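Reader: I am new to this structure and would like a close look at a single part of it. Please begin with one residue and work outward from there.

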Amino acid sequence: MKMWIEKWKHLLGILSIPLQGFIYMGIASNIGPDIILDYFWIDTLIPFVKWFIFPYISWMPVLYLSFLYLAVKHRRIYWRTLLIYNISVMACNVVFWFFATLVPRPDVDGADLASRLVNFIYESDAPFNCFPSVHCLTSYLLFITLKRELVVKLSVRVFMYILLWLIIISTVFTKQHALIDVFGGILFAEVTYQVVHYISSRNQRRDKLATTSM
């Protein structure tokens, strides 16, 4: 039992994902009166498509399963990606605290599954703190991690590429986010990824030089 715990204790890092969610909910519950509408004319040209709720709700399982896969198969990449995730999401929480935003939502009628799921999401997730989109941030982070660091079967790679971009696109078609939220999420993920990888590469070079000099 002790050996099993020692082998898999790094999985506890995944608990930082719900922890970040609790922080987000705490911030959302203390929204003040100064809320900025980040919904522009170009967003009005994007139609509401209820069927995009299916890739939208796949986000959470995809996020957890992806980190679980990295933890089991690629521990070094797992820790670095988890670090990027936490730094970038904490940066989002800072923005949410000082820069609360709002995206208007349509009224959704209908008894079909897609309509019920949309209304469930609308009821359980207030339309505040939309910029930047954490859905888009994390999906893009998983996309670039897969694209730049992992070697997987082509079929798996294509499937994940399509799914991750469908999740990103779904945020605007379900009217959960505006376009600026999408670009903000992608920017936060990319900048944090580059900074963490730059520092990691510099430290590796330093350690290699130190080993060589010995």
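Author: Thr 81 is found in helix α6, residues 75-98, where a helix is a DSSP run of H or I with at least four residues and a strand a run of E with at least two, both numbered from the N terminus. This is a predicted model, in which local features need pLDDT of at least 70 and side-chain atom pairs count only at pLDDT 80 or more, while totals for chains, interfaces and linings use all residues. Residues are numbered from 1 along each chain as its sequence is written, and side-chain values use heavy atoms, with hydrogens and water left out.

Thr 81 counts as buried because its relative accessible area is 2%; buried means under 20% relative accessible area, exposed over 50%, and partly exposed in between, with a 1.4 Å probe and protein chains only. Leaving aside residues up to four places away in sequence, Thr 81 touches Phe 67, Leu 70, Leu 141 and Thr 145, a contact being heavy atoms within 4.5 Å.

Two of these partners lead into the largest nonpolar core, which has 42 residues, and Phe 67 and Leu 141 are among the members that touch the most other members, together with Val 62, Leu 63, Tyr 78, Tyr 85 and Tyr 140. The elements that give two or more residues to this core are α2 (16-28), α5 (59-73), α6, α8, α9 and α10. A nonpolar core is here a set of buried Ala, Val, Leu, Ile, Met, Phe, Trp, Tyr and Cys residues joined through side-chain atoms within 4.5 Å. In soluble globular proteins, nonpolar side chains tend to be buried together. Tyr 78 has contacts of its own with His 10, Leu 11, Gly 13, Ile 14, Phe 67, Leu 70 and Ala 71, again not counting residues up to four places away in sequence. A second, separate core of eight residues includes Leu 117, Val 118, Ile 121 and Tyr 122.

Two other contacts of Thr 81, Leu 70 and Thr 145, belong to the lining of the second largest pocket, which also includes Val 62, Ser 66, Tyr 69, Leu 142, Met 160 and Leu 164. A pocket is found on a 1 Å grid over the protein atoms alone, as an open set of points where a 1.4 Å probe fits, with protein on both sides within 12 Å along at least five of seven lines, and its lining residues have an atom within 4 Å of a point. The volume of this second largest pocket is about 230 Å³, a volume being the space filled by probe spheres set on the grid points, which are joined across faces, edges and corners. Two or more lining residues come from each of α5, α8 and α9, and α5 gives the largest share, four residues. By class, this lining has 10 nonpolar, two polar and no charged residues, where Ala, Val, Leu, Ile, Met, Phe, Trp, Tyr, Cys and Pro count as nonpolar, Asp, Glu, Lys and Arg as charged, and the others, Gly among them, as polar.

Helix α6 also gives two or more residues to the lining of the largest pocket, as do α2, α4 (53-57), α5, α7 and α8. About 780 Å³ of space lies in that pocket, and of its 32 lining residues Tyr 24, Trp 59, Met 60, Asp 125 and His 135 lie nearest its centre. The largest share of this lining, seven residues, comes from α2, and the classes are 21 nonpolar, nine polar and two charged residues.

Helix α9, which shares in the largest core, has 20 residues that should span 28 Å at 1.5 Å a residue, and its end C-alpha atoms are 28 Å apart, which agrees; the expected span is 1.5 Å times one less than the number of residues. Its buried residues include Met 160, Leu 163, Leu 164, Ile 167 and Ile 168. After α9 comes Lys 175, whose phi is positive, near 65°, and this lysine lies in the loop between α9 (154-173) and α10 (179-213).

Seen as a whole, the chain has 10 helices and two strands. Buried residues make up 44% of its 214 residues, and residues 24 or more positions apart account for 86% of the contacts with a separation of 6 or more.
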